[in-house]
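Dear colleague,

Please find the structure below, handed over for your own study. My account of what was found in it follows directly after.

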Amino acid sequence: MFIHRLEEHSWLKLLTMEDAESLFALIDSCRPHLRQWLPWVDSTQTVADSKTFIFQGLQKFAAGNGFEAGIWHRGQLAGVIGIHYMDRANRKTSIGYWLGESFQGMGLMTKACKACIDYLFTEQGMNRVEIRCATENHRSRAIPERLGFTNEGTIRDAEWLYDRFVDHVVYGMLAREWEKCE
């Protein structure tokens, strides 16, 4: 089982089926907050939907092609961080993440991203990690900026978000740059 301590009261843990109710409850508790930037919120209507997401994440992990981990704080599920894929031929990947509204502003996501990036560069041999955020999602953009990622540009109309397209900023970090940030 994948577990990584972030600090005394916070850790990352691979999401398992036992986490489905906690995951659904967290999503359900902050739908308007999450819906601002995440296109899957409306299609997550039951615990079974959360189980499907977790199952897909476990399949990805078993295949060595990424994972979905819960971010836990003081015994509560606070959010999720995921490695979308592992392009081993080109040694690159991307990270996605979200936090429940009441868990923001504690540094949890910065610590979770840092732990995942360390893992990707040191244990998985990746050369490039990418994070894409909606241009107007300033809280999400603050994470790669805080971690020293390079803003590599904007992709126009990158994502359909319920009733409109949103642009994405692409942030990139290379292994040789990460070593200098440490």
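**Findings**

R141 has a relative accessibility of 16% and therefore counts as buried. Please keep in mind while reading that this is a predicted model.

**Charged pairs**

The partner of R141 is E145: the two residues form a salt bridge in which the closest N and O atoms are 3.6 Å apart. They stand four residues apart in helix α5 (residues 138-146), so about one helical turn separates R141 from E145. Unlike R141, which is buried, E145 has a relative accessible area of 43% and is partly exposed. Salt bridges with shared partners also link R128, E130, R132 and E152 into one network.

One of the bridges in that region joins E130 to R128, with 2.9 Å between the closest N and O atoms. Both E130 and R128 are buried.

A further salt bridge connects D118 with K114, and here the closest N and O atoms are 3.4 Å apart. Both residues belong to helix α4 and are four residues apart, about one turn of the helix. D118 counts as partly exposed because its relative accessibility is 22%, and K114 is likewise partly exposed, at 31%. In total, the structure holds 11 salt bridges. As a general principle, side chains of opposite charge can pair when their charged atoms come close.

**The nonpolar core**

How many residues make up the largest nonpolar core? The number is 51, and the residues with the most contacts inside this core are L12, I71, I81, I95, Y97, M109 and I117. Helix α4 (residues 108-123) supplies the largest share of the core, namely 10 residues.

I117 is a useful residue to look at in the viewer. Leaving aside residues up to four places away in sequence, I117 touches I95, V129, L147, F149 and W178.

**The largest pocket**

The largest pocket contains about 1,000 Å³ of space. Its lining consists of 45 residues, and those nearest the centre of the pocket are L38, G96, Y97, W98 and S140. Y97 thus appears in two lists, as it is also among the residues with the most contacts inside the largest nonpolar core.

Which helices and strands each supply at least two residues of the lining? They are α2 (31-35), α3 (47-62), β4 (76-87), β5 (92-99), α4, β6 (128-134) and α5. Helix α4, which gives the core its largest share, therefore also contributes to the lining of this pocket.**Buried residues and their partners**

Three further buried residues deserve individual mention.

- K13 is placed in strand β2 (residues 10-14). With a relative accessible area of 14%, K13 is buried. A polar contact of 2.7 Å joins its side chain to that of D19.
- C30 sits in the loop between α1 (20-29) and α2, and at 5% relative accessibility C30 counts as buried. C30 and G100 are 70 residues apart in sequence, yet their C-alpha atoms are 6.5 Å apart in space. Not counting residues up to four places away in sequence, C30 touches G100 and E101.
- H168 belongs to strand β8 (residues 164-174). Its relative accessible area is 11%, so H168 is buried. The side chain of H168 makes a polar contact of 3.0 Å with the side chain of E159. When residues up to four places away in sequence are left out, H168 touches R132, C133, A134, T135, G153, T154, I155, A158 and E159.

R132 is thus a contact of H168 and also a member of the salt-bridge network described above.

**Two backbone angles**

Most residues other than glycine have a negative phi. Against that background, R74 and R91 may be considered in turn.

R74 is not a glycine, although its phi is positive, at about 50°. R74 lies in the loop between β3 (67-73) and β4. Is R74 buried or exposed? Its relative accessibility is 57%, and R74 counts as exposed because the cut-off for that term is over 50%.

R91 also has a positive phi, of about 55°, without being a glycine. R91 is found in the loop between β4 and β5. At 42% relative accessibility, R91 counts as partly exposed.

With kind regards

How values were computed:
Residues numbered from 1 in each chain as written. Predicted model: local features only at pLDDT ≥ 70, side-chain atom pairs only at ≥ 80, totals over all residues. Heavy atoms only, no water. Core = buried A, V, L, I, M, F, W, Y, C linked by side-chain atoms within 4.5 Å. Buried < 20%, exposed > 50% of the residue type's maximum accessible area, 1.4 Å probe, protein only. Contact = heavy atoms within 4.5 Å. Salt bridge = Lys/Arg side-chain N within 4 Å of Asp/Glu carboxyl O. Polar contact = N/O pair within 3.5 Å; in protein donor to acceptor, adjacent residues only side chain to side chain. 1 Å grid on protein atoms, 1.4 Å probe; cavity = no way out; pocket = protein on both sides within 12 Å on 5 of 7 lines; lining within 4 Å. Points joined across faces, edges and corners; volume = space filled by probe spheres on them.
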